[in-house]
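This report describes a single protein chain for a reader at the bench. Please keep the sequence and the model in view while reading.

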Amino acid sequence: MFCNKFLLSFLFFVFCVATSANANIHEKPTLTIYTYSSFISEWGPGEAIKQGFEAQCDCQLDIVTLGDGVSILNRLRLEGNKTNADVILGLDNNLLGQAKQANIMAPHQITKPNNLNTDWWDDEFMPYDFGYFAFIYNKEKIDNPPHSLHELVDNKANWKIIYQDPRTSTPGLGLLFWVKNIYGKDAISAWQKIAKNTVTVTKGWSEAYGMFLKGEADFVLSYSTSPVAHIINDQDYRYNAAIFDEGHYRQVEIAGITKYSQQPQLARRFLQYLLTPEVQRQFAEKNVMYPIINTPLPAAFDQINKVSKALEFDADKVVYNQKAWIREWQSAISQ
């Protein structure tokens with residue numbers, strides 16, 4: 001009898017401990033983040049950021065990848081008030097106007113840092129890194145790269161080019177605005193010239209860059225900082241960004257809290273975490289973009305060509321003209 005009572009007591013104790021442990025696991029809140037695919041890729045900063053935040057938040061991050069910033073915005077528009085997203089990470093300044101029109105974000109309430117690295121700030125979307133669109137080439141194959149967009153567009157050397165679709169890709173959309181910023185009403189003529197030497201227009205950045213690395217084009221649309229990834233990951237110094245006299249279109253990557261979030265305080269903590277020096281360093285090393293706050297850069301950034309002039313349209317002008325400019329591009333490349 002004594003043995004039976006002891007055994008029952010022991011089993012009850014084990015059951016209580018196990019139940020308590022499971023309860024603790026399930027009590028942890030989950031923060032759902034919509035972002036782009038490369039953020040959580042093998043080379044991206046996502047996994048380190050996830051582990052770092054979970055170690056201090058007593059929560060779990062559910063990171064949902066949706067391709068590109070354009071795909072993230074389209075998903076949010078589709079889901080509306082039924083979205084599971086607490087945080088979105090990966091839109092950019094060129095999608096800002098459309099994102100605000102969708103009316104699904106809440107003010108982030110993050111105080112603007114004193115050591116911000118740019119002049120860009122917004123009450124709903126917090127910047128976390130930035131960069132400049134640029135055409136990348138292999139120095140062993142291109143002896144005399146273009147020094148202006150006009151030189152690349154006129155293309156007397158018949159360089160082969162790959163870029164991304166502005167309807168599905170943030171770099172592609174950036175090129176659309178870059179060309180419009182420099183050529184204005186003559187943009188359609190510029191696109192017609194570009195089309196003569198375009199190998200293909202891809203849906204996203206990864207596909208375009210992969211084709212370039214296989215030698216299928218002389219230039220690919222990417223970022224002025226892209227050579228940093230080759231230096232850090234492979235000690236490969238063959239790739240350069242062609243720096244243009246007219247300037248380069250700027251991309252500011254942004255994150256925000258949806259107005260339907262069930263975890264707004266936790267979401268705010270996550271955004272604040274993105275501004276810490278250790279995470280900003282992750283963005284520089286693995287997103288190969290410039291940190292949004294003043295942060296020491298990896299040595300590889302000293303090895304790349306620098307952009308000295310930034311170009312950018314304001315958000316209202318983008319919202320008002322974007323559809324017309326895309327129709328202009330479609331008309332030009334179909335002729």
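The report moves from the whole chain to selected residues and elements.

**Basis of the description**

The model is predicted, so local features need pLDDT of at least 70 and side-chain atom pairs count only at pLDDT 80 or more, whereas totals for chains, interfaces and linings use all residues. Residues are numbered from 1 along each chain as its sequence is written, and side-chain values rest on heavy atoms, with hydrogens and water left out.

**The chain as a whole**

The protein chain holds 12 helices and 12 strands; these are DSSP runs numbered from the N terminus, with helices (H or I) of at least four residues and strands (E) of at least two. Its C-alpha trace spans about 95 × 45 × 40 Å along the principal axes. Of the 335 residues, 53% count as buried. Here buried stands for under 20% relative accessible area, exposed for over 50%, and partly exposed for values in between, using a 1.4 Å probe and protein chains only.

Contacts (heavy atoms within 4.5 Å) link distant parts of the sequence: among those between residues at least 6 apart, 78% join residues at least 24 apart. The chain exposes about 16,100 Å², of which carbon and sulfur atoms supply 50%; accessible areas come from the Shrake-Rupley method with a 1.4 Å probe, and for residues only the protein chains shown count as cover. There are 31 positive and 36 negative side chains, and the centres of the two sets lie 4 Å apart. In this count Lys and Arg are positive and Asp and Glu negative, while His and the chain ends are not counted. The place of each charge is NZ of Lys, CZ of Arg, CG of Asp or CD of Glu.

**Strands 5 and 9**

Strand 5 covers residues 126–138 and includes N138. N138 has a relative accessible area of 7% and is therefore buried. Leaving aside neighbours within four places in sequence, N138 is in contact with F212, D218, R238 and Y239.

Strand 5 pairs with strand 9 in the antiparallel sense over four bridges, where pairing requires that DSSP finds at least two bridges between two strands. One of the partners is N240 of strand 9, which bridges to Y137. Within strand 9 (residues 239–242), Y239 and A241 point one way and N240 and A242 the other, and all are buried.

**The disulfide**

By the rule applied here, a pair of cysteine sulfur atoms within 2.5 Å, the model has one disulfide. C57 is joined to C59, with an S to S distance of 2.0 Å. The link of C57 and C59 is left-handed, at -90 degrees about the S-S bond. C57 counts as buried because its relative accessibility is 7%, and C59 counts as buried because its value is 3%.

**Loop residues**

Three residues in loops are compiled below.

| Residue | Location | Relative accessible area |
|---|---|---|
| N103 | loop between helix 4 (96–102) and strand 4 (105–106) | 48%, partly exposed |
| Q235 | loop between helix 9 (226–234) and strand 9 | 55%, exposed |
| D245 | loop between strand 9 and strand 10 (248–258) | 62%, exposed |

N103 is not a glycine, yet it has a positive phi of about 55 degrees. Q235, also not a glycine, has a positive phi of about 55 degrees.

D245 touches H147, S148 and K309, not counting residues up to four places away in sequence. The C-alpha atoms of D245 and L149 are separated by 7.8 Å, although the two residues are 96 residues apart along the chain.

**Helix 11**

Helix 11 comprises residues 277–286, including E285. In this helix V279, Q280, Q282, F283 and A284 are buried. The cover over the buried residues of helix 11 includes helix 2 (46–57), strand 5, helix 10 (264–274) and strand 11 (290–291).

E285 counts as partly exposed because its relative accessibility is 28%. Beyond residues up to four places away in sequence, E285 touches I232 and P298. E285 and I182 lie 103 residues apart along the chain, and their C-alpha atoms are separated by 31 Å. Just after helix 11, V288 takes a positive phi of about 40 degrees.
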